[in-house]
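Let's walk through this structure together, one region at a time. Keep the 3D view open as you read.

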Amino acid sequence: MYILSIETSCDETALSLININREKKSFTLIEDLLISQIPIHAEYGGVFPALAKREHKKNIPILLEGLFTRAIQKIKLSKKIKLTQEKRKKVKKILVREEGLADMILEIFQKEIPPIDALVFTQGPGLAPALWVGVNTAKAIATLIEVPLYPINHMEGHISSILLKEGYQNEKIANYPLENFSFPMIALLISGGHTELILVKNWGDYQIIGETLDDAVGEAFDKVARMLGLDYPGGPKLSLLAEQGRENEKIQLPRPMLHHDDYRFSFSGLKTATRYLIEKLKNEQNFSKAIKADIAKAFEDAVVEVLTKKTEKALKAYHAKGLIVAGGVSANKKLREAFQELTREMQIPLYLPQQMLCGDNSLMIASAGFLHILAGEKGKKYEEEIEAKSNLRLGESL
Ligand code: KG4
Ligand code: ZN
């Protein structure tokens, strides 16, 4: 069963094609393509929703055409569909707000296309204008080829990203066997927009047990990075700078909510404390390159300590049989090491996405779709109304 997956929730346009074997509960990666808009948004110091929409609209036909050509070459299967006037009209109507996209998609579908048995796509959470491009593209394609649609929660996608095994690009089977996982698990999801602790009772059965009251971890990383003069998105750059940092008794930062008896987080206080510290050091003309590295280290240490301690508490309270850490910030080396140590001590397995799959991508959405299909879900009919949901939460029905 061939599944086409689409991700457009933020600043990455991504498309992939996988082939699911339901009996064997496995899938093969056929093709996985992504265009990052980071260089475009970097100029503005953050993601600009209208610009993201424009770029997704531009990138989708490029990726779709590339994906189809490569997939046909690889699997040596293709077909041609009948583009009736009625279908053309429907597609134009679905994509009425994505000017120009309908014509480009119709042009691609005039040629040979690979087999596609279902569409999976990110419905939310994310930036509404960006999400809509993916939602409407999925609807338009499903209408053209008359297949079901599976709307996916982006955060479930991050959880599902851990299913992809090392070397997934070249292996016959791309995913770890599902029997490898025991429930319940705890998932810590850390990205530019979210910081959540999730009780994973089973695949598809998620409950948020704690989240941030203000800034997300990735957002705090990016804001502090900016204070240190690093470009957007500064998270990874701050982390690199932190490697040169030393323990410095003049640079002490708080550990917000660490001793609260719950699973909530708060990072805006830490960010403000860092800002005051930087202002003070600047006034004292003590804001050297070495001091910047010390601040980066102090900030990263504070974040790592809060995240690991809160997660440890949740793992114990829920007798978790495994820990998942996913989302863009899970690429952070210090954090990966800290969680490796924690899970080694607790003697439970740690599941991290492959480095390439920490940030947003469509393969994680395909993985989540794979789980929905294995669970026997039928998907939505292409005639049904489907909306982008920018505030979608895990555990809420789609
Ligand atoms: O999941 P993601 O790609 O997009 C969202 O859904 O938000 O996460 C992006 C976030 C950004 O804030 C970025 O700075 C942060 O992940 N990030 C990192 C690292 N790599 C990415 N933060 C800290 N250390 C890193 N190595
Ligand atoms: Zn994400």
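## A hairpin to begin with

Find Ser-16 first: its opposite number in S3 is Asp-32. This is a predicted model, and that pair is a handy entry point to the two strands around it. S2 and S3 run antiparallel and are joined by ten bridges. Four residues sit between them in a hairpin, and Lys-25 in the turn has a positive phi of about 50°.

On its other side, S2 meets S1, again antiparallel, with six bridges joining the two. Here too the connection is a hairpin, made through four residues. If you want a residue pair to click on, Ile-6 has Leu-15 in S2 as its bridge partner. Eight of the ten residues of S2 are buried, so this strand is largely enclosed by the rest of the structure.

## The full sheet

Now zoom out a little. These strands belong to an open sheet of five, in the order S3-S2-S1-S4-S5 and with mixed pairing. Its edges are strand S3 (26-36) and strand S5 (149-153), each of which pairs on one side only. From one strand to the next, the twist averages 20°.

The parallel part of the pairing involves S4. Strand S1 (residues 2-7) pairs with strand S4 (residues 118-124) in the parallel sense over four bridges. Ile-3 stands opposite Ala-118 in S4, while Ile-6 stands opposite Phe-121. S4 also pairs with S5 in the parallel sense, over five bridges, and the bridge partner of Gly-124 in S5 is Asn-153. The chain passes from S4 through H5 to S5 in a right-handed β-α-β crossover.

## Helices across the sheet

How does the burial of S4 look, residue by residue? Seven of its seven residues are buried, and the strand is described as mostly covered. Helix H5 (residues 128-145) lies across S1, S4 and S5, and runs at about 160° to S4.

Helix H2 (residues 49-75) lies across S1, strand S2 (12-21) and S3. Its direction makes an angle of about 145° with S3.

## The zinc site

Which residues coordinate the zinc ion (ligand 2)? The donors are His-154 (NE2), His-158 (NE2) and Asp-360 (OD), at 2.1 to 2.2 Å. Along the chain, they follow the spacing H-x3-H-x201-D. His-158 and Asp-360 thus link distant parts of the chain, 202 residues apart. His-158 belongs to helix H6 (residues 154-160), whereas Asp-360 lies in the loop between strand S10 (350-351) and helix H12 (363-374). Both His-158 and Asp-360 are buried.

If you plan to set up this site for a calculation, keep in mind that water is not among the atoms, so the site may look incomplete.

## A covered helix

Finally, turn to helix H7 (residues 217-227), which is mostly covered, with eight of its eleven residues buried. Among them are Val-217, Phe-221, Val-224 and Met-227, along with Asp-222. What covers the buried residues of H7 includes two strands, S6 (185-190) and S7 (195-202). Helix H8 (235-242), helix H9 (268-283) and helix H10 (289-317) are also part of that cover. After H7 comes Gly-229, with a positive phi near 85°.

Key:
Residues are numbered from 1 along each chain as its sequence is written. Chains are lettered from A and ligands numbered from 1 in the order in which they are written. This is a predicted model: local features need pLDDT of at least 70, side-chain atom pairs count only at pLDDT 80 or more; totals for chains, interfaces and linings use all residues. Side-chain values use heavy atoms; hydrogens and water are left out. Donors are N, O and S atoms within 2.8 Å of the metal (3.2 Å for Na, K and Ca); water is not among the atoms, so sites may look incomplete. Buried means under 20% relative accessible area, exposed over 50%, partly exposed in between (1.4 Å probe, protein chains only). Two strands pair if DSSP finds at least two bridges between them. Axes are lines fitted to C-alpha atoms, for helices over the stretch in contact, and angles run from 0 to 180 degrees between N-to-C directions. Contact means heavy atoms within 4.5 Å. A crossover is right-handed if, with the strands pointing away from the viewer, the path from the first strand over the helix to the second runs clockwise.
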